[in-house]
Amino acid sequence: MNYDTRLVPYDRESISEAAELLSRGELVAIPTETVYGLAADALNENAVKKIFLAKGRPQDNPLIVHISSMEMLPPLVREIPDTAKALAERFWGGPLTMIFPKSDKIPGVTSGGLGTVAVRMPSSEAAREIIGKCGFPLAAPSANLSGKPSPTTARHVFEDMNGRIPLIIDGGECAVGVESTVVCFKDGRIHILRPGGITAEMLSEFGKVEVDKAVTAQPEKDERVLSPGMKYKHYSPKADVYVVNAHGRAFEEYCRRSGYESLIALGAGAAEKDFFLDYGKTPEIQAQRLFALLRKADELGVETVLVEMPERSGMGLAVYNRLLRAAAFRVIEI
C-alpha cells in the first residue's frame, strides 16, 4: 500500500472516477449518512481482501454489503422474510442493516466465513449514486484504521487512510454519526445485534424486538459474531476512555477530583471550560459528535477521556454501545 491518496469533492466527475476504480478492484472511501465507508466490490474476493489489509481488520469480522435499489437484493440472498420486506419498505434507504442467508454470489471473505450476509441500502445520495454507477454491490465497513473512532468527515478518513487507498470522496459531515442498526430475524422476532439510527422503539411497530446481550456486554473471546462492532474493541482513541455513571453537577465534580492530570471530559450539555467539552444534550447530537470528539482527544494528546453516561434507550442505546467498546467496558459507578 503506497498510494498517492487524493481527496476530491463529491460531484459527477468523482462519481465516475470512483466507479472506475472500484470496477478495477481498488478501494474508495465514500460518504454515507452514518459514517464514511471503505468501499470495494463486494463480489470480488481479491478486492474485499484489500479492505482488511488497509484497515488492519480481523478477517472473521463480517462486512456490510451496500446496495442502491431493491432489485439488487434478491441475487445476494436465499430468503427475504416478510418482516424484512416491511422494514425495507419503511427504512430503506437509511441506517438499517438486515442479515439474510447468503447466496453463492457472496464470497466467504465478505461474510466473515458465515453463511449469512449483512445488507443495507444507504439514504446518502452520494453512496447510492456511486453504487448505481458501479452496477454491483459494495462492501463498505467504516473507513478508519481498525479499532479507531469511525470517521464522520473526509478529513478523518485522510488521517487514517492516506497512502493506503487511491481516492476519498468528500461528501461533507455525516448526518447520523454512528454506524447503522444491525438486525437479524430469530423465532419471529426482530433481534438487534448493533443499535444505531433506527431504534428499537421504531422497529417495535413491525413485531417483537429483542436486544442482543452483546450490545451492552462483552462477547466471549472465541464466540462467532454475526455483525460488525460486536466482538472487538472499537472506536477508541489512544487515550484511555471511561464512562462515568453520573450526570450534571455530580459528573463535573467527579471529573474535577478524579486526579487525572491529562484529560478531557465529555459532558451532556456541559459548559465548555477548562477540560470540559460538550457532546450534546440529546442522544442524536451525541451520536453526531462522539467520534469527532474522541479523535480530538488524540489531537490534544490527552491520556484520559471521561464521558458522562448517555441515555440507554432510543438513540442513546447506540451512543452507549459505542462508548462501552471505546472504553473497553470500563464504567465508573458514582
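This tour visits a long-range residue pair, a helix pair and one kinked helix in a predicted model.

**Helices H1 and H4.** Begin by selecting residues 12-23, helix H1, together with residues 125-134, helix H4. Their axes lie 9 Å apart and meet at an angle of about 50°, which makes H1 oblique to H4. The crossing of the two helices is right-handed. To display the interface, show Arg12, Ile15, Ser16, Ala18, Ala19 and Leu22 on H1, and Glu129, Ile130, Lys133 and Cys134 on H4.

**Leu27.** Next, select Leu27, in the loop that links H1 to strand E2 (28-30). Is Leu27 buried or exposed? Its relative accessible area is 3%, under the 20% cut-off, so Leu27 counts as buried. Beyond its sequence neighbours up to four places away, Leu27 touches residues including Leu38, Ala47, Ile51, Ala54, Ile165 and Leu167. Now add Val244: from Leu27 the C-alpha to C-alpha distance is 38 Å, with a sequence separation of 217 residues.

**Helix H8.** Finally, select residues 283-300, the 18 residues of helix H8. At 1.5 Å a residue H8 should span 26 Å, and its end C-alpha atoms are 24 Å apart, which agrees. Centre the view on Arg289, where H8 has a kink of about 40°. Colour the buried residues of H8, among them Pro283, Gln286, Leu290, Phe291, Leu294 and Ala297. Their cover includes helix H5 (154-161), helix H9 (315-326) and strands E12 (240-245), E13 (263-267), E14 (276-278) and E15 (304-308). End at Gly301, which follows H8 and has a positive phi, near 75°.

Notes: Residues numbered from 1 in each chain as written. Predicted model: local features only at pLDDT ≥ 70, side-chain atom pairs only at ≥ 80, totals over all residues. Heavy atoms only, no water. Helix = DSSP H or I, 4+ residues; strand = E, 2+ residues; numbered from the N terminus. Expected span 1.5 Å × (residues − 1). Bend = angle between axes of the 7 residues up to and from the residue. Buried < 20%, exposed > 50% of the residue type's maximum accessible area, 1.4 Å probe, protein only. Contact = heavy atoms within 4.5 Å. Axes fitted to C-alpha atoms, helices over the stretch in contact; angles between N-to-C directions. Parallel < 35°, antiparallel > 145°, perpendicular 65-115°, else oblique. Left-handed = near helix turned anticlockwise from the far one by under 90°.
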